[in-house]
Amino acid sequence: MVCEYQCGDWRGRGTGRRLPICTEEVGIDVGLKTFAYLSTGEEIANPRFFRREAAALARASRKLSKAPKGSKQREKKRKVVARVHERTLNRRKNFIEQEVCKLIKQFGLLAVEALVVRNMVKNPKVAKSIADASWSMFFTRLLEKAEEAGRVVVRVNPAYTSQTCSACGHRQPMPLSVRVYECPACGLVIHRDHNGRNNILAEAFQAVGRHSRVIPEASAL
């Protein structure tokens, strides 16, 4: 059941309204290679706006560094750099707004991990990628739009969602470098992020006192 909902823009100038009851549910597992994996089997691609603008930003920054300090030329180059940053930010905001609106239209219950993004970006190996993916912006807008539309967002503990088998509950270590979950207990073989999204939705059902309807399936690897 897909319900009609009109979103505003990312500046908050919206005409959002409460929606009719919708029984569709989804678990959402955000990532870096792919922006988000949905328990429905769908994926949201990561547009990587910052990386797409990296060349333009590098060129503009080099020209700025070569311009004499205090000159009109330097001020012009500074504005060029600022425009590249602004363009990247606006594209990122529009992307988040569009994807959030789609999710709000389609689902009545949305389950996400309660990630503390500000702590995760302290890791220099992934900080730039996490910032480019804009997880914080995504979660913030999802909560805001869900409240407007009368949808339910359940934030679950992110611990072990990728390490626990979504079929039988077996738990095992899963380094980030290992992308496929192979359960020695029940034999399930599934992409680690697909496994995680199923666990996220199952935990959300427990949180609201409902029986899980998640059926783990081995995805194409």
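Helices (H or I, at least four residues) and strands (E, at least two residues) are DSSP runs, numbered from the N terminus. The structure shown above is a predicted model, in which local features need pLDDT of at least 70, side-chain atom pairs count only at pLDDT 80 or more, and totals for chains, interfaces and linings use all residues. Residues are numbered from 1 along each chain as its sequence is written, and side-chain values use heavy atoms, with hydrogens and water left out.

Consider strand β1 to begin with. A residue is called buried under 20% relative accessible area, exposed over 50%, and partly exposed in between (1.4 Å probe, protein chains only). By this rule, six of the six residues of β1 (25-30) are buried. In a regular strand the side chains alternate between the two faces of the sheet. In β1, E25, G27 and D29 belong to one side and V26, I28 and V30 to the other, and both sides are covered.

The neighbours of β1 come next; two strands pair if DSSP finds at least two bridges between them. β1 pairs with β4 (109-113) in the parallel sense over four bridges, and G27 has A111 as its bridge partner there. With β2 (34-38), β1 pairs in the antiparallel sense over three bridges, and D29 stands opposite Y37. A hairpin of three residues joins β1 to β2.

Helix α3 (72-106) also deserves attention. The expected span of a helix is 1.5 Å times one less than its number of residues. The 35 residues of α3 should therefore span 51 Å, and its end C-alpha atoms are indeed 51 Å apart. Among the buried residues of α3 are R92, F95 and I96.

R92, F95 and I96 also help to line the largest cavity. A cavity is a set of points on a 1 Å grid over the protein atoms alone where a 1.4 Å probe fits but cannot get out, and lining residues have an atom within 4 Å of a point. Grid points are joined across faces, edges and corners, and a volume is the space filled by probe spheres set on the points. The structure holds one cavity of 30 Å³ or more, and the volume of the largest is about 40 Å³. α3 gives the most to its lining, with three residues, while α5 (127-133) supplies at least two.

R48 is another lining residue. R48 sits in the loop between β3 (43-45) and α1 (49-52), and its phi is near 50°, a positive value in a residue other than glycine. R48 counts as partly exposed because its relative accessibility is 30%.

Technical notes. On a 1 Å grid over the protein atoms alone, a cavity is a set of points where a 1.4 Å probe fits but cannot get out, and a pocket is an open set with protein on both sides within 12 Å along at least five of seven lines; lining residues have an atom within 4 Å of a point.
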